[in-house]
Amino acid sequence: MAETAYRFGAFELSPRDRLLKKDGVAMALQPKAFDALLCLVNRSQHLVSKQELTNTLWPRVHVSEANLTNTIVSLRKIVGRDAIRTVSRHGYSFELTVTGEPGVGQRTYERFVRAKELTAQRSLESMYLARDLYWTCLAEDPAFAPAWAWLGRCCWFLAKFSSGSSASVEVARSALQRAFALDPDLACAHQFYTFVEVDTGHAGDAMHRLFERLERHPGEPESFAGLVPVLRFCGLLNESIQAHKRAAQMDPAAITSVAHSLFLAGDYAGAIESYGGRAAYYLDAAAWAAMGKRSRAQALLRGRLSQTPLSRLMTALMSSLLALLEGRNKQAVRLMNESDTSCDPEIQYYFARHYARLGLVDAAITALKSANQSGFTCAPHTLKSDRWLAALQKHPKFASLLSDAEFRVAHAKRVFASHSDPGRTSQSKTRI
């Protein structure tokens, strides 16, 4: 049976009845406070900007910020001070775990919450378990839009890193399309669709879409998090890093791919620091190797390859680096040559570094050109400053490779400026 209320802690919040209960007892709540709580709970664990709350509570009416502050103070007296976190200068986040929501059965929602926890672990084993739970949720409730979105995210991960990639690609696309059909404004669907666009050579389209979304939802950290890989794939490393900082300001718990942006910028220590807190595979080991800490990189790779179930592509990426570091050059080359990177063009950059380190400059140039053609622009700064790519600069095709990257980045900068320039005619500007 579907729920009629949000559940969190001892509370039930019913949008239909406009009623808040604690332990089954109705609580007195002013209309504006109810609307604010509903808005926060609906976006639990995510930032809701002051602007969005104000527009929701007082549409088309100018009020001082004190009105919103007083409303939040009154809510905290009822649901608890720690239930609503202030995100300095930006807004508020509802911190209690929501265990049920209207229109979704209690057991279905419990499965959904568990599936999201498994997805966050980012291992193949956890992703397969999460995928099965999402399918169970959708069998019970085919109109559950967030479950379709999270299924899409899960299947795209499996498309990139598991052996059954072709089937997962189609399921991921279909699941995200279904989520959009059910809820065109669903934040997580927009966030997850960004991964698909970026990995399939449409980073420019993703940039347009996310900036347009930020004009409607300027305080949405998911959109800034999505811009991190988008801008990196366009060769805009500094802008990518700034997008991460904006996301983290709004939501300190926001997870982004900024570690890769820092790596390409040559900040290997920063990449290692940013890479922690979730399943670790390749990047920190590559960063240690780039800093000359060969033994540490080898130890990390050996441990993970022996203990963690990995996809063919991730195994090839990690094993080729380990083979390179251990002098098993032929094996490193074979692993890279046999890999399918069609769902992750950025890995071609890392393979290019391996090829170049092995002295196979032609193969490195080919890998970077392939990445370019698939939608990943290696930033000119990286081409010129990455020491592992230094041998490429003497290659006769390096000048054209660099020129092409500079042309693509210049175009991306113009597009970026058209969205973030404070002189734009749009009433809402997004600054990074």
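Start by selecting Q45: at 35% relative accessibility, this residue counts as partly exposed. You'll find Q45 in the loop between α1 (31–42) and β5 (47–49). Check the backbone while you're there, since phi of Q45 is near 70°, a positive value in a residue that isn't glycine. Keep in mind throughout that you're looking at a predicted model.

Now hop back along the chain to R18, which sits in the loop between β2 (11–14) and β3 (19–22). What is phi of R18 near? Pull up the torsion and you should get a value near 50°, again positive in a residue other than glycine. With a relative accessible area of 43%, R18 is partly exposed.

**Zoom out**

Show the whole chain as a cartoon. Its secondary structure comes to 21 helices and eight strands. The radius of gyration is 23 Å, close to the 22 Å that the globule rule gives for 432 residues, so the chain is as compact as a globular protein of that length. Line the view up with the principal axes and the C-alpha trace spans about 75 × 50 × 35 Å.

Switch to a surface next. The accessible surface comes to about 19,500 Å², and 50% of that belongs to carbon and sulfur atoms. Colour by charge if you like: the chain has 53 positive and 41 negative charges, and their mean positions are 5 Å apart. Colour by burial instead, and buried residues make up 53% of the 432 residues. For the contact-map fans: take contacts between residues at least 6 apart in sequence, and 58% of them join residues at least 24 apart.

**Into the core**

Hide the surface and go inside. In soluble globular proteins, nonpolar side chains tend to be buried together. Here, the largest nonpolar core has 147 residues. Which residues have the most contacts inside this core? Select F8 and L227. Then highlight helix α6 (residues 145–161), which gives the core its largest share, 13 residues.

Stay on F8 and show its surroundings. Ignoring residues up to four places away in sequence, F8 touches L13, L20, L37, V41, V79, F94, L96, T97, V98 and T99.

**Two buried arginines**

Select R213, in helix α9 (residues 203–216). Is R213 buried or exposed? At 1% relative accessibility, R213 counts as buried. Show its partners as sticks: setting aside neighbours within four places in sequence, R213 is in contact with D185, L186, A187, H190, E220 and S223.

The next stop is R304, in helix α15 (residues 294–307). R304 has a relative accessible area of 14%, under the 20% cut-off, so R304 is buried too. Leaving out residues up to four places away in sequence, R304 touches A280, Y281, Y282, D284, L310 and M318. Before moving on, draw a distance from R304 to R414: these two are 110 residues apart along the chain, and their C-alpha atoms are separated by 42 Å.

**Two more helices**

Select R173 in helix α7 (residues 165–182). R173 has a relative accessible area of 32%, which makes this arginine partly exposed. Which residues is R173 in contact with, leaving aside neighbours within four places in sequence? Show V196 and T200 alongside R173 to see those contacts. Then stretch a distance to I72: R173 and I72 are 101 residues apart along the chain, with 39 Å between their C-alpha atoms.

Finish on L129, in helix α5 (residues 124–140). At 44% relative accessibility, L129 counts as partly exposed. One last distance to draw: L129 and A175 are 46 residues apart along the chain, and their C-alpha atoms are separated by 17 Å.

Definitions and conventions: Residues numbered from 1 in each chain as written. Predicted model: local features only at pLDDT ≥ 70, side-chain atom pairs only at ≥ 80, totals over all residues. Heavy atoms only, no water. Helix = DSSP H or I, 4+ residues; strand = E, 2+ residues; numbered from the N terminus. Buried < 20%, exposed > 50% of the residue type's maximum accessible area, 1.4 Å probe, protein only. Contact = heavy atoms within 4.5 Å. Rg over C-alpha atoms; globule rule 2.2 N^0.38 Å. Areas by Shrake-Rupley, 256 points an atom, 1.4 Å probe, with all protein chains shown as cover. Lys, Arg positive; Asp, Glu negative; His and termini not counted. Charge placed at Lys NZ, Arg CZ, Asp CG, Glu CD. Core = buried A, V, L, I, M, F, W, Y, C linked by side-chain atoms within 4.5 Å.
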